[in-house]
Amino acid sequence: MTKKFESVQVDDLALNTGQGGEVHQIAGGDVETLTTQGGTPVSDDQNSLKAGSRGPTLLEDQHFREKIFHFDHERIPERVVHARGFGAHGFFETYESLADITAADIFQRAGEKTEMFVRFSTVAGNKGSPDLARDVRGFACRFYTKEGNWDLVGNNIPVFFIQDAIKFPDLIHAAKAAPDRDFPQAQTAHDNFWDFISLSPESMHMALWIMSDRTIPRSLRFMEGFGVHTFRLVNAAGKSTFVKFHWKPALGLQSVVWNEALKLNGADPDFHRRDLWDAIQMGDFPEWELGMQLFDDAFAERFDFDILDATKFIPEEEVPIRIVGKMTLDRCVDNFFLETEQVAFQTGNIVPGIDFSNDPLLQGRNFSYLDTQLKRLGSPNFTHIPVNAPRCPVRHFQQDGHMAMQSRKGRANYEPNSWGADIGGPRESPERGFRSFPAEESGGKARVRSETFADHYSQARQFYLSQTEVEQNHIAKAFIFELSKVETLAIRSRMVAHLLNVDEGLAKKVATELRLKDMPKPASAKRPTKMDLKASPKLSILLNGPKSFKGRKLGILVTDGVDAGLLTGLKKAIESEGALIEIVAPNIGGVKASDGSWIEAKQKIDGGPSVLYDAVAVLTSKEGAALLAKLPPAKDFVTDAFAHCKFIAYSAQALALFEKAGLAADLDQGCVKLDAAKEAKSFVELCRELRFWPREKTLEPA
Ligand code: HDE
């Protein structure tokens, strides 16, 4: 359960008089003595040292100077991308030995448990930006293996915007706030971003993904993760197999809708981090299975696209995913800064048995991640910070530098040396040590882009055609929203020209809604779009959703006089599904139910809008409904829930609220009147579908 604060009597606390020197008692006993960094006990932390009670502050006040000095230096540069993130500890369990495919120690023994740290993030926004920005989510995983840290620094989308790392600064500059005005923040709906994208045909596949609901996940627990690049696995005999890494969430996929995301950012900018924190604190540990798509040179040769091109994915239908283990996140951090902020992931952190491919994006990343940590953490010794320190022995001759915490003992700080095994220190091991796969490389030096990277539209089309009608509609609407915020007409038109190469229907819909005066010609393409790639149903969120309401939340709006039996019945049905309820009421103190019992509220109605919940219920008395009908946030509660296609349960008396909100005549099969507690179960069964999508069409103008 989430920890509740123990109630403290206000009178129990010795209030600060500012006079200093009081022994501050906290309910429950004496506290430890405050000290300086040097360990000197502090007598007064309320007043600086002065010459006389009204005189100047004295420079000799070491405690004051140290306290302010440290405060002044609390900040470090935020990450240049992925600044806003949230981390958690966990472990990985290997399902089976993969010794025939890789020598990586972590994959040798079934049942092996390996400690992990994971950080999820958005990309474009600053550290304080809202969680529901339309954005790619970072999915960075560290495995503390017995042979070193392995960092799989992935995203929640399997492809990327660009093909060569040299374009990364341009992409990120274009996506982030413009340099002259420093806005817009944490969003791509602006001229610079779409200017860059529309001038970079290689981004078209990713553009389709980011306009899909993948970029507005319901929670970090309901999204997939991808290693994106092709990597190599190498076995003990030196045989290499190509691999793409996948994370599959145990709870299935779920996203919110765009209008909901916009409102969520206001209602709870911390929606995702709070959700993950709550789930872990309650013991409902999030899980993902690790999958591998394994393939050889022959497949790479015959595949329609280049496996080194990070703007392409390999459909699961072509190379099935082999599930090899499971990650469980079971512990929140003790301190956000020490762990989540200071964790320094590096794509270069690989272990024997795993190797890079020549993907030019990956090769560029290998430079960037090491380099950026020096800027952020200020010292080459960032691996000494506990969250970055490997859990296996670390032995080398590197030394000194800012903030050094560890060094070898003794006189030997170089090798070769002749000091003997005890003093002389470690030596390389050709048998155990990491060896790069000896791939043969040839060719003249040139700044080139391989011809095999030239098809920019075929997989964009394949992705679009793999979506359900509801999802295709969301993609179209996202393009319309984003391009409506673009002020330069030529950029809007240029994007439509690209969409014509993806799907004519999509392009026309976007052009019509933007009211483009002239339909542009299709963008010129180096390679014509392959029209016959098979749809991949695995790419749809809705086709890969959960089978239950587990891990989701029902928001119940109640008033005084709520039918106690009905409320208990609904609560029981939700809990037996493994889901949660949250009580919303006109006042935070709670309400008095029909049987006289007191129901505590978690949210006051104006702080608990329906966007916080996966489904909602309104259970009231007649008087209660009349009260709610006068409250704008209560009307918004049902109007939004309806517009966001949520399942809605209501008691007969609550109908007055729906009437006042103008919804009574529109209530559909996704809205269920609960007359008796026993009907609660069938409502919860309905909620397993998550949303009542048929409603969406009825909400659009004919
Ligand atoms: Fe990153 N990226 N990236 N990136 N990236 C960073 O490293 C970079 C790319 C990703 O939670 C930075 O430690 C370049 C792809 C995640 O701490 C930086 C290129 C993918 C995180 C950097 C890429 C990612 C980062 C900033 C183009 C998915 C957050 C802070 C070649 C496979 C890690 C830092 C965390 C962070 C560079 C492209 C994922 C600047 C140059 C593709 C999840 O080094």
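The shell around the ligand in this predicted model divides by class into 14 nonpolar, nine polar and three charged residues. In total, 26 residues surround the ligand, and the closest of them are His82, Arg119, Gly138, Ala165 and Val228. Two or more residues of this shell are given by each of strand E2 (113–122), strand E3 (137–145), strand E4 (148–155) and helix H9. The largest share, six residues, comes from H9, a helix that covers residues 360–377.

His82, which is among the residues closest to the ligand, also appears in the database annotation: the unreviewed UniProt entry lists His82 and Asn155 under "active site". The two positions span 74 residues in sequence, yet their C-alpha atoms are not more than 10.6 Å apart, so they gather at one spot. His82 is found in the loop between helix H1 (62–72) and strand E1 (85–94), whereas Asn155 has its place in strand E4. With the threshold for burial set at 20 or more other C-beta atoms within 10 Å, His82 is buried because 22 such atoms lie within that distance, and Asn155 counts as buried because it has 23 C-beta neighbours inside 10 Å. When residues up to four places away in sequence are not counted, His82 touches Ser121, Val123 and Gly138. Under the matching exclusion, Asn155 touches Val136, Arg137, Gly138, Phe139, Phe226 and Val228. Gly138 thus appears in the contact list of His82 and in that of Asn155, and Gly138 is also one of the residues closest to the ligand. Val228, a contact of Asn155, is likewise among the residues closest to the ligand.

The same unreviewed UniProt entry lists residues 35–423 for "domain: Catalase core". Over residues 35–423 the chain is 23% helix and 19% strand, and the C-alpha atoms at the ends of this range are 40 Å apart. In a separate assignment, the chain is divided into domain 1, made up of residues 85–159 and 217–384, and domain 2, made up of residues 547–698. The centres of domain 1 and domain 2, taken over C-alpha atoms, are separated by 37 Å. The contact between them takes 11 residues from domain 1 and nine residues from domain 2. On the side of domain 1 that touches domain 2, the residues divide into four nonpolar, two polar and five charged.

Several backbone features were examined in the loops. Most residues other than glycine have a negative phi, and most peptide bonds are trans. The peptide bond from Phe183 to Pro184 is cis, with omega near 0°, and Pro184 has its place in the loop between helix H2 (168–175) and helix H3 (191–198). Asp182, in the loop between H2 and H3, has a positive phi of about 60° although it is not a glycine. With 12 or fewer C-beta neighbours required for a residue to be exposed, Asp182 counts as exposed because it has 10 inside 10 Å. A cis peptide bond also joins Glu415 and Pro416, with omega of about 5°; Pro416 is found in the loop between helix H9 (360–377) and helix H10 (420–424). Arg515, which is not a glycine, has a positive phi of about 55° and has its place in the loop between helix H14 (504–514) and strand E11 (553–558). Arg515 counts as exposed because it has 8 C-beta neighbours inside 10 Å.

Helix H3, which follows the loop that holds Pro184, has Phe193, Trp194, Phe196, Ile197 and Ser198 as buried residues. The buried residues of H3 pack against H2, helix H4 (204–210), helix H12 (469–485) and helix H13 (489–502).

As for confidence, the mean pLDDT of the chain is 95, and 96% of its residues reach 70 or more. Confidence is lowest in H10, at a mean of 91, and highest in E3, at 99. Over residues 1–8, however, the pLDDT is below 50, and beyond near neighbours in sequence this stretch has seven contacts in the model. For the complex, the predictor gives an ipTM of 0.98 and a pTM of 0.96.

Conventions: Residues are numbered from 1 along each chain as its sequence is written. This is a predicted model: local features need pLDDT of at least 70, side-chain atom pairs count only at pLDDT 80 or more; totals for chains, interfaces and linings use all residues. Helices (H or I, at least four residues) and strands (E, at least two) are DSSP runs, numbered from the N terminus. A residue is near a molecule or strand if its C-beta atom, placed from the backbone, lies within 6 Å of it. Ala, Val, Leu, Ile, Met, Phe, Trp, Tyr, Cys and Pro count as nonpolar, Asp, Glu, Lys and Arg as charged, and the others, Gly among them, as polar. UniProt positions are given in the numbering used here, feature names are shortened, and annotations may be inferred rather than shown by experiment. Two residues are in contact if their C-beta atoms, placed from the backbone, lie within 7 Å. pLDDT is the predictor's confidence in each residue, from 0 to 100. Domain bounds come from an automatic or database domain assignment.
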